[in-house]
Amino acid sequence: MSLYRDEGVVLRTQKLGEADRIVTILAKRTGKIRAVAKGVRRTTSRFGARLEPFTHVDLQLHTGRTLDVVTQAETIRPYGEVLAADYPRYTAGSAMLETADRLTHGEKEPALRQFLLLVGGLRTLADRGHEARLVLDAYFLRSLAVAGYAPALDACAKCRAPAIRAFAIVSGGVVCGACRPAGAAVPAGETIGLMTALLRGDWAAADASEPRHRSECSGLVAAYLQWHLEHGIRSLRHVEREPV
């Protein structure tokens with residue numbers, strides 16, 4: 001039996017048999033892990049509550065033939081307890097977990113930067129320092145950048161011209177008038193500025209943005225994310241948008 005330790009964030013769970021669960025975890029060193037947590041659905045389980053979504057947990061596992069098995073679990077920080085009391089933050093956190101799951105395709109492929117972004121995003125949500133949807137959009141943009149899909153925001157994604165006229169998802173970001181495809185959105189300059197601030201972590205500028213620009217930014221970021229994932233984020237339908 002091969003034992004190993006890692007820390008990670010529980011992304012999702014599913015029932016297995018009468019008392020077990022399969023737990024999907026984004027781990028710091030190992031990457032995405034799917035493991036069996038035996039007996040966690042029993043009321044007498046020693047660590048059932050420690051293996052719920054949103055929990056940052058320290059784990060010991062042993063390698064199995066198809067799925068690894070959790071043998072120990074210690075909570076580092078239970079983000080779910082804080083987020084569950086605040087619907088906008090809970091739904092934003094759910095969208096983060098789903099996105100992290102989608103962006104880390106293979107199991108046991110190291111994804112340290114995605115792990116750090118997820119932990120940082122959940123911590124920022126739980127600390128309530130910024131509006132929930134801003135935190136979510138910042139997480140989306142940065143996780144896309146780590147995955148190699150950062151949108152062009154400073155110059156035309158096609159020809160690198162500095163004159164920006166539109167935002168084209170299929171082109172990879174902002175485009176000039178000559179490169180603008182049919183149907184491209186024409187956001188306000190302040191909206192592109194907000195996207196840039198979120199991508200760079202300029203919270204002073206992001207927090208000072210107007211609701212209408214936040215709403216427009218959220219729509220563009222969500223569409224850009226889902227186009228690159230080639231899959232919808234189901235949790236997004238429950239996320240509350242900033243009123244215009």
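What percentage of the 244 residues of the chain count as buried? In this predicted model, the share of residues that count as buried is 52%.

**Figure 1. Overview of the predicted chain, with its helices and strands.** The chain has seven helices and seven strands, and, read from its beginning to its end, the order of these elements is β-β-β-β-β-α-α-α-α-β-β-α-α-α. The radius of gyration is 20 Å, close to the 18 Å that the globule rule gives for 244 residues, so the chain is as compact as a globular protein of that length. Along the principal axes, the C-alpha atoms fill a box of roughly 60 × 35 × 25 Å. Among the contacts with a separation of 6 or more, 57% are made by residues 24 or more positions apart. The accessible surface of the chain comes to about 11700 Å², and carbon and sulfur atoms account for 49% of this area.

**Figure 2. Close-up of the salt-bridge network formed by Arg12, Lys32 and Asp101.** Side chains of opposite charge can pair when their charged atoms come close. The structure holds 14 salt bridges, and this view shows the side chains of aspartate 101 and arginine 12, which meet in one of them at 2.5 Å, N to O. This pair links distant parts of the chain, with aspartate 101 in helix H2 (residues 87-103) and arginine 12 in strand E1 (residues 3-16), 89 residues apart. Aspartate 101 also meets the side chain of lysine 32 in a salt bridge, at 2.8 Å, N to O. Here too distant parts of the chain are linked, since lysine 32 belongs to strand E3 (residues 31-37) and aspartate 101 to helix H2, 69 residues apart. Both lysine 32 and aspartate 101 are buried; the relative accessibility of aspartate 101 is 13%, whereas arginine 12, at 35% relative accessibility, counts as partly exposed.

**Figure 3. Close-up of the salt bridge between aspartate 127 and arginine 77.** The closest N and O atoms of aspartate 127 and arginine 77 are 3.3 Å apart in this salt bridge. Because aspartate 127 lies in helix H3 (residues 112-127) and arginine 77 in strand E5 (residues 68-78), the pair ties together parts that are 50 residues apart in sequence. Aspartate 127 counts as partly exposed, with 48% relative accessibility, and arginine 77 likewise counts as partly exposed, with 28%.

**Figure 4. Close-up of threonine 99 in helix H2.** Threonine 99 has a relative accessibility of 0% and therefore counts as buried, the cut-off being under 20%. Its side chain reaches the backbone oxygen of alanine 95 at 2.8 Å. When residues up to four places away in sequence are not counted, threonine 99 touches Tyr139, Phe140, Ser143, Leu225 and Ile233.

**Figure 5. Close-up of helix H5 and the elements against which its buried residues pack.** Helix H5 (residues 189-200) has twelve residues, and the distance from its first C-alpha to its last is 17 Å, close to the 16 Å expected at 1.5 Å a residue. The buried residues of H5 are Thr191, Ile192, Leu194, Met195, Thr196, Ala197 and Leu198. An α-helix has 3.6 residues a turn, so residues three or four places apart point the same way. The elements against which the buried residues of H5 pack are helix H4 (132-146), strand E6 (166-168), strand E7 (173-175), helix H6 (203-207) and helix H7 (211-229). Just after H5, glycine 201 takes a positive phi of about 80 degrees.

**Figure 6. Close-up of arginine 29 in the loop between strand E2 (20-27) and E3.** Although arginine 29 and glycine 8 are 21 residues apart along the chain, their C-alpha atoms are separated by 8.6 Å. Leaving aside neighbours within four places in sequence, the residues in contact with arginine 29 are Arg5, Asp6, Glu7 and Pro110. In the case of arginine 5, the backbone oxygen lies 3.2 Å from a polar atom of the side chain of arginine 29.

Key:
Residues are numbered from 1 along each chain as its sequence is written. This is a predicted model: local features need pLDDT of at least 70, side-chain atom pairs count only at pLDDT 80 or more; totals for chains, interfaces and linings use all residues. Side-chain values use heavy atoms; hydrogens and water are left out. Helices (H or I, at least four residues) and strands (E, at least two) are DSSP runs, numbered from the N terminus. The expected span of a helix is 1.5 Å times one less than its number of residues. Buried means under 20% relative accessible area, exposed over 50%, partly exposed in between (1.4 Å probe, protein chains only). Contact means heavy atoms within 4.5 Å. A salt bridge is a side-chain nitrogen of Lys or Arg within 4 Å of a carboxyl oxygen of Asp or Glu. The radius of gyration is taken over C-alpha atoms; the globule rule is 2.2 Å times the number of residues to the power 0.38. Accessible areas come from the Shrake-Rupley method with a 1.4 Å probe; for residues, only the protein chains shown count as cover. A polar contact is a pair of N or O atoms within 3.5 Å; within protein, one must be able to donate a hydrogen and the other to accept it, and residues adjacent in sequence count only if both atoms are side-chain atoms.
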